[in-house]
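Colleague: I'd like to learn how to read salt bridges in a model like this one. Could you take me through some?

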Amino acid sequence: MKLTVLGGSGAWPTATAGCSGYLVRHEDTTILIDPGYAIFPRLLEECRAGDIDAVLISHAHPDHCADLNPLLRARVLGDERPPVLPVYAPEGALQRILDLDPVRVVRRGVELNALADGGSVRIGPIRVRARTLPHHATNLGYRLEADGDVLAYTGDSGDCAARIELARDADVYLAEATYVDQVPGGDAPYLCTVRQVARQASIARPQLTVLTHLWPTASADHALATARAEGLESVQMARPGLTVDLARIGVASLPRRAAGEQVPPDAITALPRRARRI
């Protein structure tokens with residue numbers, strides 16, 4: 001499997017990064033995970049709207065699903081007219097997003113499928129398993145498996161044992177880390193910090209942890225430095241254009257080096273210079 005980051009900003013997009021948005025590709029199958037604000041233009045740099053075989057959505061917050069609307073518009077109103085798009089999400093999560101569009105034919109371009117804790121679905125060669133994780137809205141974490149490759153994605157959630165189980169022995173742990181040191185106020189049960197993700201990874205032992213959903217005004221460099229100080233040796237920040245080949249990172253014989261450096265250099269595609277800031 002290959003993971004390509006389309007966006008990774010938490011809450012709202014910045015001048016250089018959309019919100020959550022991730023492409024997963026394996027063989028002839030392409031899955032879009034969490035099409036949040038402003039990721040659709042970046043998606044079109046990677047593939048056509050009609051190339052998406054299915055969409056996984058973790059929860060109803062618009063920074064994780066708002067750009068489902070332009071995706072559906074492009075598929076339904078464009079020239080290609082691909083098949084109806086299967087979308088998997090918690091029950092009722094997409095009602096408000098779909099109700100935004102007055103063009104009724106757009107609604108016909110989607111096939112909604114409700115997933116719940118413990119549910120699973122096969123999309124082409126990729127097996128997807130869902131796990132409920134604590135958040136303000138019903139949130140599903142996803143574990144994607146194909147030919148021995150494993151990607152674990154949290155959506156948004158608080159620190160909990162279920163996150164560790166979701167990430168256990170994964171090739172890539174795509175982990176929400178909205179704050180660096182401390183979650184403010186009453187949000188502590190529903191969001192995570194970089195320090196908490198580092199602790200989770202130390203137990204779950206994924207090959208690579210990719211931090212995502214960082215608060216837009218926070219420093220990505222500080223977040224990475226904190227993760228390394230906490231002992232997380234294989235870590236990257238989710239930025240548009242980051243691509244990880246999961247089949248290339250599980251190389252146990254490599255020596256332990258600085259954070260993010262023990263995976264083979266050809267497993268992770270370098271980012272364009274303009275995308276370094278979040």
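Colleague: Which residue forms a salt bridge with Arg-195?

Modeller: Happy to start there. This is a predicted model, and in it Arg-195 pairs with Glu-230, with the closest N and O atoms 2.5 Å apart. For a salt bridge, look for a side-chain nitrogen of Lys or Arg within 4 Å of a carboxyl oxygen of Asp or Glu.

Colleague: Where do Arg-195 and Glu-230 lie?

Modeller: Arg-195 belongs to helix α6 (residues 194-204), while Glu-230 sits in the loop between α7 (220-229) and β13 (235-237), so the pair ties together parts that are 35 residues apart in sequence.

Colleague: And how should I class Arg-195, buried or partly exposed?

Modeller: Use the relative accessible area: under 20% is buried, over 50% is exposed, and partly exposed is in between. Arg-195 has 33%, so the label is partly exposed. Glu-230 is partly exposed as well, at 39%.

Colleague: Which residues join into one network through salt bridges that share partners?

Modeller: That network consists of Arg-25, Arg-42, Glu-45 and Glu-46. One salt bridge here is between the side chains of Arg-25 and Glu-46, at 3.0 Å from N to O. Arg-25 is in strand β2 (residues 21-26) and Glu-46 in helix α1 (residues 40-46), so this pair links parts that are 21 residues apart in sequence. Arg-25 is partly exposed at 24%, and Glu-46 is partly exposed at 26%.

Colleague: What about Glu-176, buried or exposed?

Modeller: Glu-176 is buried, with a relative accessible area of 0%. Its salt-bridge partner is Arg-163, again with a distance of 3.0 Å from N to O. Strand β11 (residues 172-176) holds Glu-176 and helix α5 (residues 161-167) holds Arg-163, so the pair ties together parts that are 13 residues apart in sequence. Arg-163 is also buried, at 0%.

Colleague: How many salt bridges does the count come to?

Modeller: The count comes to 15 salt bridges.

Colleague: Where does pLDDT stay under 50?

Modeller: Begin with the overall picture: the mean pLDDT of the protein is 92, and 91% of its residues reach 70 or more. Then look for the weak stretches. Over residues 251-261 pLDDT stays under 50, and the model has 20 contacts there beyond four places in sequence. Residues 270-278 also stay under 50, with 22 such contacts.

Colleague: What should I do with coordinates where pLDDT is low?

Modeller: Predicted coordinates should not be read in detail where pLDDT is low.

How values were computed:
Residues are numbered from 1 along each chain as its sequence is written. This is a predicted model: local features need pLDDT of at least 70, side-chain atom pairs count only at pLDDT 80 or more; totals for chains, interfaces and linings use all residues. Side-chain values use heavy atoms; hydrogens and water are left out. pLDDT is the predictor's confidence in each residue, from 0 to 100. Contact means heavy atoms within 4.5 Å. Helices (H or I, at least four residues) and strands (E, at least two) are DSSP runs, numbered from the N terminus. Buried means under 20% relative accessible area, exposed over 50%, partly exposed in between (1.4 Å probe, protein chains only).
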